[in-house]
Amino acid sequence: TLSDLMARVEVDYPGLVAAEARYRQARALVDSAASGRWPQLDAGLSYARARNPQFPGTSGSARAGIDVGWEPDLWGRLRRSIEANEAVALATAEDLAALRLSIQATLATAYWQLRSTDALKRLLESTVTGYRQSVQVTRNRYQAGVVPRSDVTQAETQLLTVEAQLIEVGITRAQTGNAIAVLLGRPPSTLRLPEDEGSLAIPVVPVGLPSELLERRPDVAAAEYRVAAANANIGVARAAWFPTLQLQGTAGTQATTLADLFSLPHRVWSLGPVLAQTLFDGGARRARDAQALASHDEASANYRLAVLTAFQEVEDAL
């Protein structure tokens, strides 16, 4: 039953659906950054009429053409940007895995609590049956003058106490079932798990575990990928200090009327490089450098904290 619930929680829990959507967004950002490796091709068609005060009347201008632009990745800005987005996507994937693991652990805990509640309910039901018989025997003995009235009161008190505990156990079981229903993305009123009379098999807990297993923890892996993303962003910030080179080309036709637009004499083209360098930006690039370094320091500290927390949690659990 628990295995069946585990398979359903991965599909139906809204939190996992949202996390999976965030991962797809991160992958789309990677594809968007990678598209910069290829030339950009634009096509356009325009026509306008204008009046020049120096000449009588109006004149027209029509243009149709294709513009091509491509920026070679000379300083690694594009490459580092792709690396950063790829690392963020991997970190998002690990966040999804961490959330899935957390929900699975919550579901397993709730399920075993439900089964232990069933066992406690059976125990209390048998206890109530025995106490009812005890109350009846004590009443018979009191009516026969063998025991005082206080013995009857004590037996009835024991019975009522256990009956109250049985009611509380029923409420606890219902609330646990409601929590399981929410994890499955269903209204609590639509899920009813029958009682299980099977015995609980307690797994053997090892006395120690190799620390290499911590590398499998999604939260540790996500923190490591965020360090890689921050490191790549430093390269993106450093590349801004170098000039940019773009190769631009245009091919098309240009005329004063639409009728002459596609005639052979009106064809035009251009091709050439464009080299640009920012000479003064008021310290913007220096600020981006400092921000990238600080972000890397933060990610590194968070990674070390994630590792220490993982060791602590495993040690506490053992």
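The exercises below, each with a worked solution, concern the sheet, the largest pocket and the largest nonpolar core of a predicted model.

Residues are numbered from 1 along each chain as its sequence is written, and side-chain values use heavy atoms, with hydrogens and water left out. In this predicted model local features need pLDDT of at least 70 and side-chain atom pairs count only at pLDDT 80 or more, whereas totals for chains, interfaces and linings use all residues.

**Exercise 1. Determine the strand order of the open sheet and follow its pairing from β2 to β4.**

Step 1. Helices (H or I, at least four residues) and strands (E, at least two) are DSSP runs numbered from the N terminus, and two strands pair if DSSP finds at least two bridges between them.

Step 2. With antiparallel pairing, the four strands follow the order β1-β2-β3-β4; β1 (40-51) and β4 (267-276) are the edge strands, each pairing on one side only.

Step 3. Strand β2 (residues 58-70) is joined to β3 by nine antiparallel bridges, and here W70 has L247 of β3 as its bridge partner.

Step 4. Between β3 (residues 244-255) and β4 there are 10 bridges, again in strands that run antiparallel; Q246 stands opposite V274, and G249 has L271 as its partner in β4.

**Exercise 2. Describe the lining of the largest pocket.**

Step 1. On a 1 Å grid over the protein atoms alone, probed with a 1.4 Å sphere, a pocket is an open set of points with protein on both sides within 12 Å along at least five of seven lines, and lining residues have an atom within 4 Å of a point.

Step 2. The largest pocket holds about 530 Å³ of space, the volume being that filled by probe spheres set on the points.

Step 3. Of its 17 lining residues, L209, L213, V314, A317 and L318 lie nearest the centre, and helix α6 (residues 284-317) gives the most to the lining, with five residues.

Step 4. By class, the lining has 12 nonpolar, one polar and four charged residues.

**Exercise 3. Identify which helix supplies the largest share of the largest nonpolar core.**

Step 1. Such a core joins buried nonpolar residues (under 20% relative accessible area) through side-chain atoms within 4.5 Å.

Step 2. This core has 20 residues, among which L5, V9, L107 and I180 touch the most other members.

Step 3. At least two residues each come from α1 (2-12), α2 (14-34), α3 (77-143) and α4 (149-183), and α3 supplies the largest share, seven residues.

Methods
Nonpolar A, V, L, I, M, F, W, Y, C, P; charged D, E, K, R; others polar. Buried < 20%, exposed > 50% of the residue type's maximum accessible area, 1.4 Å probe, protein only.
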